[in-house]
Amino acid sequence: MPIKYGDIAKAPKDILSEDYTDKVTLKAKKNAGPVAVTLETARGSGGALSSKVGTKFAYAGLSFDKVQLTADGGQVLETSLVPLEGVKLSFKGNKGADLGIDYTKGNLYATGVLDVKDMSKVSTSACLGLASGFTVGGDATYALSGKTGFSAYNVGASYSQGKLFASVTSASQLSSVNIGCVYKVNADLSLASSTSHSSEKACTVHAIGAAYKAPIGDVKAKIGADGILSACLIKEVAPKVTVTASGAVSTSDLSSFKYGLGIVI
């Protein structure tokens with residue numbers, strides 16, 4: 001199955017970035033016939049609650065992937081349309097407005113995004129899966145206003161074979177390299193690491209962590225280069241009810257402990 005270039009390093013990011021939080025949130029989903037309604041509520045630092053309500057549905061071949069109203073009066077609209085096999089057109093509107101196209105054929109996944117609100121930039125990416133477990137790709141952004149020209153461009157590759165996954169992606173217009181690794185010890189335990197390398201600094205270890213499928217739920221833990229130790233537990237406590245409990249503390253200051261709790265119904 002082809003993947004987007006943005007997901008070429010997804011495996012280590014899932015272990016080292018996803019599900020860790022210091023927020024308290026509740027997300028409730030309910031189907032009302034052909035329409036799905038979602039209510040998301042979060043507790044702010046002062047204890048105040050803020051909510052956003054959204055829905056998604058399809059009509060006449062057009063998918064309304066997200067129609068949302070936020071607590072600050074903002075509005076979000078995301079739609080998509082599949083005119084041909086392997087081609088998806090999309091629109092995303094929030095503070096900006098982007099018109100996108102996704103194209104898939106075989107092991108190729110290509111994307112294009114145009115800023116139609118300010119006409120300031122166009123972005124594109126391509127990713128190709130190869131036969132021997134390698135995936136290669138790249139992305140670029142071209143500025144249409146102000147100082148025109150390529151404002152960003154990077155390339156990357158990943159390799160997956162047996163228990164090992166590794167990704168190498170460039171950053172800051174090829175000036176540095178990010179390396180992510182995952183080693184699957186067994187069916188329950190996986191280890192992950194994330195590092196960056198550049199001419200200014202040979203090696204920066206961003207995080208080292210692990211994911212474990214324990215009897216009580218899925219457990220993730222990591223320690224970052226800043227000395228912050230984080231862990232989270234994801235547990236389905238009832239059918240379609242998932243609870244995520246997370247905590248983080250600096251190894252040099254135990255009083256800095258922060259927690260987060262998320263419930264999805």
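Tutor: Let's fix one word before anything else: buried means under 20% relative accessible area, exposed means over 50%, and partly exposed is what lies in between. In this predicted model, 27% of the 265 residues of the chain count as buried.

Student: What does the rest of the chain look like in terms of secondary structure?

Tutor: It comes to 1 helix and 19 strands. The C-alpha trace spans about 50 × 50 × 40 Å along its principal axes. The accessible surface is about 16,300 Å², and 61% of that belongs to carbon and sulfur atoms.

Student: Let's try the cut-offs on a residue, then. Why is T111 called buried?

Tutor: T111 has a relative accessible area of 15%. Buried takes in whatever is under 20%, so T111 qualifies at 15%. You'll find T111 in strand β8.

Student: What makes T111 and S125 a polar contact?

Tutor: Their side chains come to 2.5 Å. The limit for such a pair of N or O atoms is 3.5 Å, with one able to donate a hydrogen and the other to accept it, so the pair fits at 2.5 Å. Leaving out residues up to four places away in sequence, T111 also touches K4, I101, D102, S123 and T124.

Student: K4 and D102 are in that list. How do you know that D102 and K4 form a salt bridge?

Tutor: The closest N and O atoms of D102 and K4 are 3.6 Å apart. A side-chain nitrogen of Lys within 4 Å of a carboxyl oxygen of Asp is what the term asks for, so 3.6 Å passes. D102 sits in strand β7 and K4 in the segment before α1, so this bridge ties together parts that are 98 residues apart in sequence. As for cover, D102 is buried at 11%, while K4 is partly exposed at 35%.

Student: How many salt bridges does the structure hold?

Tutor: There are 4. Another one joins K10 and D14, at 2.8 Å from N to O.

Student: What separates K10 and D14 along helix α1?

Tutor: About one helical turn, because they are 4 residues apart in α1. K10 has a relative accessible area of 40% and D14 has 25%. Partly exposed runs between 20% and 50%, so that label goes to K10 and to D14.

Student: And what makes K220 and D19 a salt bridge?

Tutor: Their closest N and O atoms are 2.8 Å apart, and the limit is 4 Å. K220 lies in strand β16 and D19 in the loop between α1 and β1, so the pair ties together parts that are 201 residues apart in sequence. K220 is buried at 12%, whereas D19 is partly exposed at 33%.

Student: Which residues make up the largest nonpolar core?

Tutor: I15, L16, F165, V182, A192, A207 and A211, which is 7 residues. The elements giving two or more residues to this core are α1 and β15. L16 touches A192 and A207, among others.

Student: F165 is in that core. Which residues does S158 touch, leaving aside its neighbours within four places in sequence?

Tutor: S158 is in contact with I8, G133, F134, T135, F165, A166 and S167. S158 is in strand β11, and it's buried because 6% is under the 20% cut-off.

Student: What about the surface: which residues form the nonpolar patch?

Tutor: L99, V116, M119, V122, Y142, L144, F150, Y153, V155 and L174, with about 850 Å² of accessible area together. Strand β11 gives the most to the patch, with 3 residues.

Student: Take M119 as a test case. Why does M119 count as partly exposed?

Tutor: M119 has 41% relative accessibility, and partly exposed lies between 20% and 50%, so the label holds for M119. Patch residues need over 30%, so M119 clears that bar too at 41%. You'll find M119 in the loop between β8 and β9.

Definitions and conventions
Residues are numbered from 1 along each chain as its sequence is written. This is a predicted model: local features need pLDDT of at least 70, side-chain atom pairs count only at pLDDT 80 or more; totals for chains, interfaces and linings use all residues. Side-chain values use heavy atoms; hydrogens and water are left out. Patches are made of residues with over 30% relative accessible area and no salt bridge: like charges are joined within 9 Å, nonpolar side chains (Val, Leu, Ile, Met, Phe, Trp, Tyr) within 5 Å. Accessible areas come from the Shrake-Rupley method with a 1.4 Å probe; for residues, only the protein chains shown count as cover. Buried means under 20% relative accessible area, exposed over 50%, partly exposed in between (1.4 Å probe, protein chains only). Contact means heavy atoms within 4.5 Å. A nonpolar core is a set of buried Ala, Val, Leu, Ile, Met, Phe, Trp, Tyr and Cys residues joined through side-chain atoms within 4.5 Å.
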